[in-house]
Amino acid sequence: QVQLVESGGGLVQAGGSLRLSCAASGNIFRLDDMGWFRQAPGQQRDLVAVITRGSTNYEDSVKGRFTISRDNAKNTVYLQMNSLKPEDAAVYYCNAKVVTTSLRRLELWGLGTLVTVSS
């Protein structure tokens, strides 16, 4: 069994920073693409950033402010969020494409971590 556990959300003033972490644990053979999505109340869940084993991609509104990175030794993906705006407030979800030790391919979601940005 494999699970994703997020941490790092919270309340921050506009212009501030937060760093989200997502650690994968369990019967992991390999982690492929890992990403962060967010969902504001009444909105759909949208991609924020994704990192493959060799590249990154960002949603336009976060380019230059957010940085996604990964530590493959720790099976962890991070999202450094700077210059936060009220419109960044949402529940942030970690997503990972995993190959298990039994060579099953899974796509997993974390439970989400709340980011609140006060103006």
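In this predicted model, a disulfide connects C22 with C94, the sulfur atoms lying 2.1 Å apart, and a search of the whole structure finds one such bond. The bridge ties together distant parts of the chain, since C22 belongs to strand β3 whereas C94 belongs to strand β9 (residues 90-100), and 72 residues separate the two along the sequence. The torsion about the S-S bond of C22 and C94 is about -80 degrees, and the disulfide is therefore left-handed. Both cysteines, C22 and C94, are buried, a term that here stands for a relative accessible area under 20%.

From C22 one can turn to the strand that carries this cysteine and to the sheet around it. An open sheet is formed by four strands in the order β1-β3-β8-β7, and the pairing is antiparallel. The edges of this sheet are taken by β1 and β7 (66-71), each of which has a single partner strand, so that one side of each is left without a neighbour in the sheet. From one strand to the next, the twist averages 15 degrees.

The pairings on either side of β3 can be followed residue by residue. Strand β1 (residues 2-7) pairs with strand β3 (residues 18-26) in the antiparallel sense, over six bridges. Within this pairing, L4 has A24 of β3 as its bridge partner, while S7 stands opposite S21 of β3. Strand β3 is also joined to strand β8 (residues 76-81) by six bridges, and these two strands run antiparallel; in this second pairing, R19 stands opposite Q80 of β8. As background to reading such strands, in a regular strand the side chains alternate between the two faces of the sheet.

A further point of interest is M34, which is placed in strand β4 (residues 28-39). Is this methionine, M34, buried or exposed? The relative accessible area of M34 is 1%, and because buried means under 20%, M34 counts as buried. Leaving aside residues up to four places away in sequence, M34 touches A49, V50, I51, I68, R70, V77, N95 and A96. The C-alpha atoms of M34 and T76 are separated by 9.0 Å, although the two residues are 42 residues apart along the chain.

Technical notes. Residues are numbered from 1 along each chain as its sequence is written. This is a predicted model: local features need pLDDT of at least 70, side-chain atom pairs count only at pLDDT 80 or more; totals for chains, interfaces and linings use all residues. Side-chain values use heavy atoms; hydrogens and water are left out. Two strands pair if DSSP finds at least two bridges between them. Axes are lines fitted to C-alpha atoms, for helices over the stretch in contact, and angles run from 0 to 180 degrees between N-to-C directions. A disulfide is a pair of cysteine sulfur atoms within 2.5 Å. Buried means under 20% relative accessible area, exposed over 50%, partly exposed in between (1.4 Å probe, protein chains only). Contact means heavy atoms within 4.5 Å.
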